[in-house]
Amino acid sequence: MAVARAESPGLSRFVLPIAGLIGLGLCVGGLLVLLDPDGGANLLASIYEALGNISGATDLRNGSGDQVIAKILLAAIALAVGVGGIWLLFLGVGGLVSLLQPKWRDRILPWVFAGPALVLLAVFLVYPAAGTIYRSFTDNHGQFTLANFAVMVEPEFTQILRNNAIWLIVGTGGSVLLGLIFAGLFDRVRREALAKTLVFLPLAISLVGASVIWGFVYAWQPAGQPQIGLLNAIVVGLGGEPIPWLTTSPINVFCEIVIMIWLQTGFAMVVFSAAIKGVSGEIIEAARLDGASERQLFLRVIVPMIRGSIITVATTIAIVTLKIFDIVYVTTGGRFNDDVVANRMFHEIFQFFDDGRGAALATLLFIAVLPVMYINLRNFKRQQAEG
Amino acid sequence: MTAPARPIEPRQTRVVAWRPAFMRSVPLRLSVLAICLLWTLPTLGLLVTSVRNPALITTSGWWTSLFHPFEANQWTLSNYQTVLSTDGMGTAFINSLIVTIPSVAIPITIAAFAAYAFAWIPFRGRGILFTIVVALLVVPIQMSLIPVLQIYSAGNLYGSFLGIWLAHTGFGLPLAIFLLYNFISQLPRDLFESAAIDGASHLQVFIRIVLPLSIPALGAIAIFQFLWVWNDLLVALVFLGPGAEVRVLPTALFQLIGSRGGSWHLLTAGAFITMVVPLLVFLLLQRAFVRGILAGSVKS
């Protein structure tokens, strides 16, 4: 690899840090524009004034005119400041640091590289997590209390916890099971790629969009009226009474979980499919020679061999279902005995203004993922020890 | 199947072996077909409804229009026109682009530098810091909402694009760092040793060797982060809010459900507008996406 040869040390040693510092100055200016809520409009107005378009500038300052262009300008500045600024920061400071004596350089440089990430992680994840746990144990006056957790045994909250457990078990189990079955089935047909794409596709759809899609499948009209929802049309076609799927407890919880399974099965299927293709042909041949049926082959040979993938997929989907918010929030708002922890937490914060209870609900979710965190850390340590 | 009247030995075994396989494959193919149909029908219903005449939608199921697809007067694009203009999905679309593009580019850049440092620059505390990154992978976003919201209220970041860019950057970093670390740390050690012998600095090694080699991983993570940010409702609701000036597509679609509850012609058109970009990205970049998923999940 000759590309990495160091350049001549003379001028470039100074160009890099100086360019970096100039860029940093520009970034600070850009940040000021970004911090101002009307920064984009004001900047564009100034540009219009400079170009002599006074009426356009006045319109902009009054909150009308080319607001879309102002917004795009703002986004362009954001990209320039965000990506450009980060690069200039790394290049500028990195360049400056490399001017130092090797001893200092080697000490400071890693912090230049990893520093921005560490600061952001601290501000957006570590400090808030600690703050949320602290808040869950305090009342509105900052006094220690267990009341936020004590309330969880009341029927209103036990139902929420029960629903979350149903989501966790049925949602995860359903996605993993269907993913396994589909991967096994699709493995033997000719148009495998097309079938996989069709099942995989919902993964690109937002939970809100999926909720609209399925809300339409579940649509309900009173008996006697034409059913425009696919499911009730089938029910009525078979001679049944139309069912208001999303407002009837307890089936609404399962109807909502179906949306999640519809989205996540593709993910499970793709991972399992790759894992199945990794099972050696010799083992499969040997099992066939021993007289194993295709079903036995799948259940007794292939499934045990891809156990690792199954566990990984199951934990990934379990974490997603545990935190489920969008589907419940969008379809019913959790008003029909179908509430879940994350949705209730949102309502505690923004509707009941009870941060303590909201924090306690978040802490429950956190406690629920702790085993997964432990497993991840253990696997990581093992991997480090091997590598 | 017509079997030969007087079969000769080798041919018969071939026919016998082939016919049961074919017969057995019929239920297999039928079930695969049924699965594909089942998985596609909900989306198809949405698409068909979004271009149907509003008057027809409430009186007949969307599937009925498939039986006479050439009656032109049942199709219309006016639903899209309405949601894009009067219901503000057009503005929301632009807002989504404005929120998403920096929210993908910024965290990936920061994560790449950090991943390189974690993988190839020895420093004090590296092990424990990276362990914290691994631990943060599964911390629910709900743990961050209240404290970050307090910071944002104090710093006037609530409802600003800058605020949501920073939030998505913070929340996206653990996975981006972790996946990039997995990739970058697997690059052959020789590369770095020979570069060091040539006198290349870490900055030069990173830019000239690591980044070009990491393009597949960077691309896969970019797709992940794009889909996550574009489709996100929770972070957008909490930090950007419902204001028409800044709201993104999922927020706008949610509000459309509230204001136009039973108007399926508008809801379906609105939903399709939120879906079109991720579906395109997904279909065009499916290979890279699958590669990313496998890198992220099969490894452990």
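What percentage of the 387 residues of chain A count as buried? Load the model, which is a predicted one, and select chain A. The buried part comes to 43% of its 387 residues.

**Chain A**

Colour chain A by secondary structure: 17 helices appear, with zero strands. Aligned on its principal axes, the C-alpha trace of this chain spans about 80 × 60 × 55 Å. The radius of gyration of chain A is 28 Å, whereas a compact globule of 387 residues would have one near 21 Å. On a contact map of chain A, take the pairs at least 6 apart in sequence; of these contacts, 63% join residues at least 24 apart.

**Chain B**

Hide chain A and show chain B. Here there are 14 helices and zero strands, so a trace from the N terminus passes through α elements one after another. The C-alpha atoms of chain B fill a box of roughly 80 × 70 × 30 Å along the principal axes. Chain B is more spread out than a compact globule, because its radius of gyration is 27 Å, well over the 19 Å that the globule rule gives for 300 residues. Buried residues account for 47% of the 300 in this chain. Among contacts in chain B with a separation of 6 or more, 76% are between residues 24 or more positions apart.

**Helix H6 of chain B**

Next, select residues 142–154 of chain B, which form helix H6. Centre the view on Val148(B), where the helix bends by about 25 degrees. Val148(B) is also buried, as are its neighbours Pro147(B) and Leu149(B). Going back towards the start of H6(B), the buried residues include Gln142(B), Met143(B), Ser144(B), Leu145(B) and Ile146(B).

What covers the buried residues of H6(B)? Show both chains again to see the cover. From chain B it includes helix H7 (161–184) and helix H11 (234–240). From chain A it includes H5, helix H16 (341–350) and helix H17 (355–386).

Step just past the end of H6(B) to Asn156(B), which takes a positive phi of about 55 degrees.

**The contact between the chains**

Finally, select the residues of each chain that touch the other. The selection holds 96 residues from chain A and 100 residues from chain B. On the chain A side, helix H5 (residues 102–136) gives the largest share, 18 residues. Colour that side by residue class: 74 of its residues are nonpolar, 15 polar and seven charged.

Conventions. Residues numbered from 1 in each chain as written. Chains lettered and ligands numbered in written order. Predicted model: local features only at pLDDT ≥ 70, side-chain atom pairs only at ≥ 80, totals over all residues. Contact = placed C-beta atoms within 7 Å. Helix = DSSP H or I, 4+ residues; strand = E, 2+ residues; numbered from the N terminus. Nonpolar A, V, L, I, M, F, W, Y, C, P; charged D, E, K, R; others polar. Rg over C-alpha atoms; globule rule 2.2 N^0.38 Å. Buried ≥ 20, exposed ≤ 12 C-beta atoms within 10 Å, placed from the backbone. Bend = angle between axes of the 7 residues up to and from the residue.
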